[in-house]
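Colleague: Could you take a close look at one part of this model, the sheet and the helices around it? A connected account would help.

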Amino acid sequence: MDDLREIRTLLAKPAPSPEAVARRRRQLRDSMHSRALLRRARWIVVLPVAAAATAAALVIVPGHLGDSPPPSAREILLVAATTAERTPEGSGTYWHITVTRDGEPQEEYWYRKDGQFWLKGEGLKGEGKLFRFTKEPQPFTVGPLTMTFDELRQLPDDENALYTRLRDAVASADLRTSAGPLSDADKDGAAVEALISLISEAPVTPEVRAAAYRSLAARPGVEDRGETDGGRSLEVPLLLGKGTVVVDPETARLRKTPVWVPLTGGVASADGGVTIDAEWTDQLPAE
């Protein structure tokens with residue numbers, strides 16, 4: 001059976017059943033595991049047994065084990081979208097974001113629906129202690145854009161409409177780089193950074209998060225770079241060039257992203273990327 005053809009057929013259908021989604025996740029996981037085993041068995045050792053042999057010898061020949069093509073970047077992102085859409089959002093008073101680098105939490109933010117937020121981390125205000133940023137309501141940062149909580153919750157859950165909304169917002173925001181106004185390619189990259197932010201950081205609905213994955217799947221220049229720790233490595237076009245994200249389609253999480261947006265403003269980046277965890281909570285930590 002051609003499992004990739006079956007994946008494409010499944011992903012083209014609306015609202016697959018929970019049983020079908022679970023089955024495809026298992027098949028994608030098993031397919032990735034099988035390919036890893038095949039790579040480790042790429043060389044086969046053949047031991048000659050002819051009685052006339054005067055000395056033991058080893059002959060190394062390339063293996064020709066059967067293998068199906070790896071899933072495409074689009075297929076991986078569409079599986080992640082299906083997972084995201086079916087993952088409960090949870091509830092709480094604060095949207096808690098943790099940015100981890102090299103296994104150590106670096107920054108934490110607690111964003112309340114009224115625009116108030118608190119932060120904690122070395123190098124941030126408060127110097128490692130919980131700090132209330134301001135008493136004035138603040139927008140949420142989405143890539144190079146800013147939105148209120150209500151605007152985030154009202155984003156379209158259709159992938160084409162979502163990308164158009166973000167791309168138009170980028171075009172009208174008068175963004176610039178050191179080279180001057182953004183080119184069309186720069187604007188596309190900035191919109192992709194906004195999609196990554198919606199996937200990894202923003203308190204959007206599961207439907208909008210799924211739409212962000214589907215929109216990313218439709219972007220030109222997104223390419224699969226193979227398996228890696230935590231999921232699948234994908235190359236994506238960003239504002240200032242290409243970057244690598246690691247997607248786990250079984251959990252719909254970005255295990256690694258080269259860019260993220262601190263709530264204090266701006267777009268941050270790091271060689272090797274960071275891991276972002278975000279969820280609702282009812283508690284602030286002790287000051």
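Modeller: I start with a helix and the strands it covers. In this predicted model, helix α3, residues 73–85, lies across β11 (223–228), β12 (231–238) and β13 (241–248). Relative to β12, helix α3 runs at about 105 degrees.

These three strands belong to an open sheet of 9 strands, ordered β6-β5-β4-β3-β15-β14-β13-β12-β11, with antiparallel pairing. Its edge strands are β11 and β6 (131–132), each of which pairs on one side only.

Within that order, β15 (residues 268–281) sits between β3 and β14. Its pairing with β3, residues 94–101, is antiparallel and extends over 7 bridges; here Y94 has T281 of β15 as its bridge partner. On the other side, β14 (residues 253–260) pairs with β15 over 3 bridges, also in the antiparallel sense. There, W260 is bridged to A268, and T257 to V274. As a general point, side chains in a regular strand alternate between the two faces of the sheet.

A further contact involves two other helices. Helix α6 (residues 184–200) packs against helix α7 (residues 206–217) at an angle of about 145 degrees, and their axes are 9 Å apart. The crossing of α6 past α7 is left-handed. From α6, the residues involved are V192, L195, L198, I199 and S200; they meet R209, A212, Y213, S215 and L216 of α7. By class, the residues of this contact comprise 7 nonpolar, 2 polar and 1 charged.

Definitions and conventions: Residues are numbered from 1 along each chain as its sequence is written. This is a predicted model: local features need pLDDT of at least 70, side-chain atom pairs count only at pLDDT 80 or more; totals for chains, interfaces and linings use all residues. Side-chain values use heavy atoms; hydrogens and water are left out. Two strands pair if DSSP finds at least two bridges between them. Helices (H or I, at least four residues) and strands (E, at least two) are DSSP runs, numbered from the N terminus. Contact means heavy atoms within 4.5 Å. Axes are lines fitted to C-alpha atoms, for helices over the stretch in contact, and angles run from 0 to 180 degrees between N-to-C directions. A crossing is left-handed if the near helix is turned anticlockwise from the far one by less than a right angle, and right-handed if clockwise. Ala, Val, Leu, Ile, Met, Phe, Trp, Tyr, Cys and Pro count as nonpolar, Asp, Glu, Lys and Arg as charged, and the others, Gly among them, as polar.
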